[in-house]
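User: I would like to go through the labels used for this model and see what each one rests on. Please set the values against the cut-offs as we go.

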Amino acid sequence: MYTPDGHTRTCGLIGNPVAHTLSPMIQNHMARVMGQNLVYLPFPVARGDLEAAVRGALALDFLGLNVTVPYKSDVIAHLAEIDPLAERIGAVNTLVRCQGGYKGYNTDMPGLYRAMEQDGVEIAGRDVVILGAGGVARAVAVMLLDRRAAGVHILNRTVDKARAVAQEVNKIAGKSFARAYALKDYGQIPGQDWLVVQATSVGMHPHEEDAPIEDPAFYRHVEIGYDLIFNPGVTRFMRLTESGGGRACNGARMLVYQGIIAFELWTGTSVDQNTADELCRMMAQALGQ
Ligand code: ATR
């Protein structure tokens, strides 16, 4: 049995709320399998206490932190260094101890990329449809740019937000890479056999009967419907994708891989495929899937 001792390193999750997080299960399991003397705990941080929390973690010599809602952007002001991809995305979910403070990374998007690789989804040279224009959708667009997609078509209920995100991403790209549409205007998207990343909050538990687009005509074009939601395990968007003849994936693998990449950054180790697969099974079980 593992027992923490005088050499144990501490990592944790800061956010609000953190009570329902699966990260302690994922991280502590990984630490045991990988033989690392490390513990991972959730820390609820009240609004206004973010800076104190980061300073406190530093004073207590925490090895690293994960950061979740609502602090993924705000935490950037309290970092010693930031990874260039995280800076472009504008959101940090992982802090790693460095000289004089913490270096911020985004492992959500590399996690999505690794999950997509595992699911056999090719990105390079491909046009990708993104549903949503919030922080997550924007991050997905930047990741797709980084991974050399041909372009992205951003569809959102509020078309002005889609336009703003497309403009920001095009500025980062230094070329025309992203185009904006209203959700109902999907008929204007060129090409067939779309890869669609569902990056809205629509269909998330407990609103499991909702999907951002209902029209079967849309789903006839969807070759792969990649929902970033992991609870429920099968969303209405995924069922509609399958009804239209497409293949559907959920966000569970992304969640596992963002945790794996954070763990790898903290420990300098490389997590093997068996452990990754086991973590996916554990997570599905924890979610009753
Ligand atoms: P996040 O940071 O998780 O991306 P967010 O910034 O609140 O969260 O973005 C939520 C996304 O879900 C937005 O694209 C939002 O559309 P609007 O910009 O029009 O608000 C989308 N969304 C939420 N509820 C929706 C609904 N009922 N129908 C369609 N889109 C919805």
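Analyst: Contact here means heavy atoms within 4.5 Å. The model is a predicted one. By that cut-off, and leaving aside neighbours within four places in sequence, Gln27 is in contact with Tyr40, Asn66, Gly259, Ala262, Phe263 and Trp266. Gln27 itself is found in helix α1, residues 23-33.

User: Why is Gln27 called buried?

Analyst: Buried means under 20% relative accessible area. Gln27 has a relative accessible area of 1%, so Gln27 is buried.

User: Are its contacts Tyr40 and Trp266 buried or exposed, and how do you know?

Analyst: The cut-off is again under 20%. Tyr40 has a relative accessible area of 0% and is therefore buried. Trp266 has 6% relative accessibility, so Trp266 counts as buried.

User: How many aromatic pairs are there? And what makes the pair of Tyr40 and Trp266 tilted?

Analyst: The count comes to six aromatic pairs. For Tyr40 and Trp266 the ring centres are 6.0 Å apart and the planes stand at 40°. Rings pair if their centres lie within 6.5 Å, and planes under 30 degrees apart count as stacked, over 60 as edge-to-face and the rest as tilted. The angle of 40° falls into the rest, so the pair is tilted. This pair links distant parts of the chain: Tyr40 is in strand β2 (residues 38-44) and Trp266 is in helix α9 (residues 252-267), 226 residues apart.

User: Which residues do ring pairs link into a cluster?

Analyst: The cluster consists of Tyr186, Trp194, Phe218, Tyr219 and Phe237, linked by ring pairs.

User: What makes Arg32 and Arg147 charges over a ring?

Analyst: For Arg, CZ has to be within 6 Å of the ring centre and within 35 degrees of the ring normal. Arg32 lies over the face of Tyr2 at 3.5 Å from the ring centre. The charged end of Arg147 is 3.7 Å from the centre of the Tyr113 ring and sits over that ring.

User: Why is strand β5 described as largely enclosed?

Analyst: Strand β5 covers residues 94-98, and four of its five residues are buried, so the rest of the structure largely encloses β5. Strand β6 (residues 101-105) is mostly covered, with four of its five residues buried.

User: How do you know that β5 pairs with β3 and β6?

Analyst: Two strands pair if at least two bridges are found between them. Strand β3 (residues 64-67) and β5 have three bridges and pair in the antiparallel sense. Between β5 and β6 there are five bridges, and these strands also run antiparallel. Val96 of β5 is the bridge partner of Gly64, and Lys103 in β6 is the bridge partner of Val96. Arg97 stands opposite Tyr102 in β6. The hairpin of β5 and β6 has two residues between the strands, and Gly100 takes a positive phi near 80° there.

User: What is the sense of the pairing between β4 and β6?

Analyst: Strand β4 (residues 81-82) pairs with β6 in the parallel sense over two bridges, and the cut-off is at least two. Lys103 in β6 is the bridge partner of Glu81.

User: What makes the approaches of Gly135, Thr158 and Lys161 to the ligand polar contacts?

Analyst: A polar contact is a pair of N or O atoms within 3.5 Å. A polar backbone atom of Gly135 is 3.1 Å from an oxygen atom of the ligand. For an N or O atom in the side chain of Thr158, the distance to a ligand oxygen atom is 2.5 Å. A polar side-chain atom of Lys161 lies 2.8 Å from an oxygen atom of the ligand. Residues surrounding the ligand include Gly132, Asn156, Arg157 and Ser201.

Note on methods: Residues numbered from 1 in each chain as written. Predicted model: local features only at pLDDT ≥ 70, side-chain atom pairs only at ≥ 80, totals over all residues. Heavy atoms only, no water. Buried < 20%, exposed > 50% of the residue type's maximum accessible area, 1.4 Å probe, protein only. Near = heavy atom within 4 Å. Polar contact = N/O pair within 3.5 Å; in protein donor to acceptor, adjacent residues only side chain to side chain.
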